[in-house]
Amino acid sequence: MMWANRNGFFYVLDRANGQFLAGYPFVKVNWASGLDAKGRPIQTPQPENAPTFPGVQGGTNWYSPSYSPHTGLFYVSAWENYASVFVKEEQKYQEGQRFVGGRPTTPIPGGQNIPSLKRGPINVWTEAAGHGAVVAIDPRTGDKKWRFLMTDVTDSGILTTATDLLFAGGREGYFHALDARTGTLLWNASLGGQVASGPMTFEVEGKQYVSVAAGYSLFTFALR
């Protein structure tokens with residue numbers, strides 16, 4: 001069993017008993033120096049007002065990764081070079097109320113580095129605050145075989161097929177088809193809204209379709 005954690009590490013477990021087998025960072029990590037023999041992070045807390053990588057949102061989140069038995073690679077939607085600085089704030093604890101004792105802020109003066117599920121009518125994100133990527137990882141070694149970079153970050157799930165295609169999108173509004181072996185861009189389309197879903201594929205009367213939700217719409221594509 002394999003999964004990528006928002007803490008910035010990729011884990012390989014024995015699916016029969018849950019035993020930790022291996023773990024590797026897949027984005028920049030400075031809050032831990034590595035994992036111990038049981039897979040627990042070896043913490044390296046950062047000085048006050050210093051950026052922590054990855055930021056509060058994490059290196060990835062709920063968006064579904066994919067594993068292809070054809071390529072032997074694990075694919076994850078990642079937030080790369082993304083950091084947060086946690087600012088402490090006085091807060092009185094009240095039972096049943098949100099209590100965090102501070103807030104994440106940007107280490108980049110004037111940068112938009114506080115993630116949210118929405119973008120305004122004008123997207124002011126810049127790569128200085130981090131960027132999205134599809135990262136292909138060899139689960140046997142932790143080596144990153146290729147990465148497909150985006151400007152904005154991504155909340156898209158990933159779909160791989162038996163013909164070594166990979167489908168994914170991002171907050172830029174593009175839906176991409178990549179070569180799952182090399183990461184080469186084969187095709188894309190602008191959908192006019194951020195892709196924040198996992199693509200799916202299905203067959204009707206011998207014809208294969210790929211569907212994905214973007215913005216407030218559902219888009220379906222097929223070969224001509």
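The structure holds four salt bridges; a salt bridge here is a side-chain nitrogen of Lys or Arg within 4 Å of a carboxyl oxygen of Asp or Glu. Before we look at some of them, a word on the model: it is predicted, so local features need pLDDT of at least 70 and side-chain atom pairs count only at pLDDT 80 or more, while totals for chains, interfaces and linings use all residues. Residues are numbered from 1 along each chain as its sequence is written, and side-chain values use heavy atoms, leaving out hydrogens and water.

Here are three of the pairs.

| Pair | Closest N to O |
|---|---|
| Glu80 and Arg147 | 2.9 Å |
| Asp138 and Arg140 | 3.1 Å |
| Arg171 and Asp155 | 2.5 Å |

Now for where they sit. Glu80 belongs to strand S7 and Arg147 to strand S11 (residues 144-149), so this pair links distant parts of the chain, 67 residues apart. (Strands are DSSP runs of E, at least two residues, numbered from the N terminus.) Glu80 is buried at 7% relative accessible area, whereas Arg147 is partly exposed at 39%. Buried means under 20% relative accessible area, exposed over 50%, and partly exposed in between, using a 1.4 Å probe and protein chains only. Asp138 is buried too, at 5%, but its partner Arg140 is exposed at 66%. As for Arg171 and Asp155, both are buried.

Next, the greasy part. A nonpolar core is a set of buried Ala, Val, Leu, Ile, Met, Phe, Trp, Tyr and Cys residues joined through side-chain atoms within 4.5 Å. The largest one has 21 residues, and Phe9, Phe10, Phe26, Val76, Val135 and Ile137 are those with the most contacts inside it. Strands S2 (9-13), S3 (20-25), S4 (32-35), S7 (73-80) and S10 (131-137) each give two or more residues to this core. Which strand gives the most? That's S2, with five residues. A second, separate core has twelve residues, including Phe148, Ile158, Leu166 and Ala180.

Phe9 has plenty to touch: among its contacts (heavy atoms within 4.5 Å) are Trp3, Tyr24, Phe26, Trp31 and Leu35, not counting residues up to four places away in sequence.

Finally, there's an open antiparallel sheet of three strands, in the order S16-S17-S18. Strands pair if DSSP finds at least two bridges between them. S16 (200-204) and S18 (217-222) are the edge strands, each pairing on one side only. Six bridges join S17 (residues 207-214) to S18, and Ala213 stands opposite Leu218 in S18.

Terms used: Helix = DSSP H or I, 4+ residues; strand = E, 2+ residues; numbered from the N terminus.
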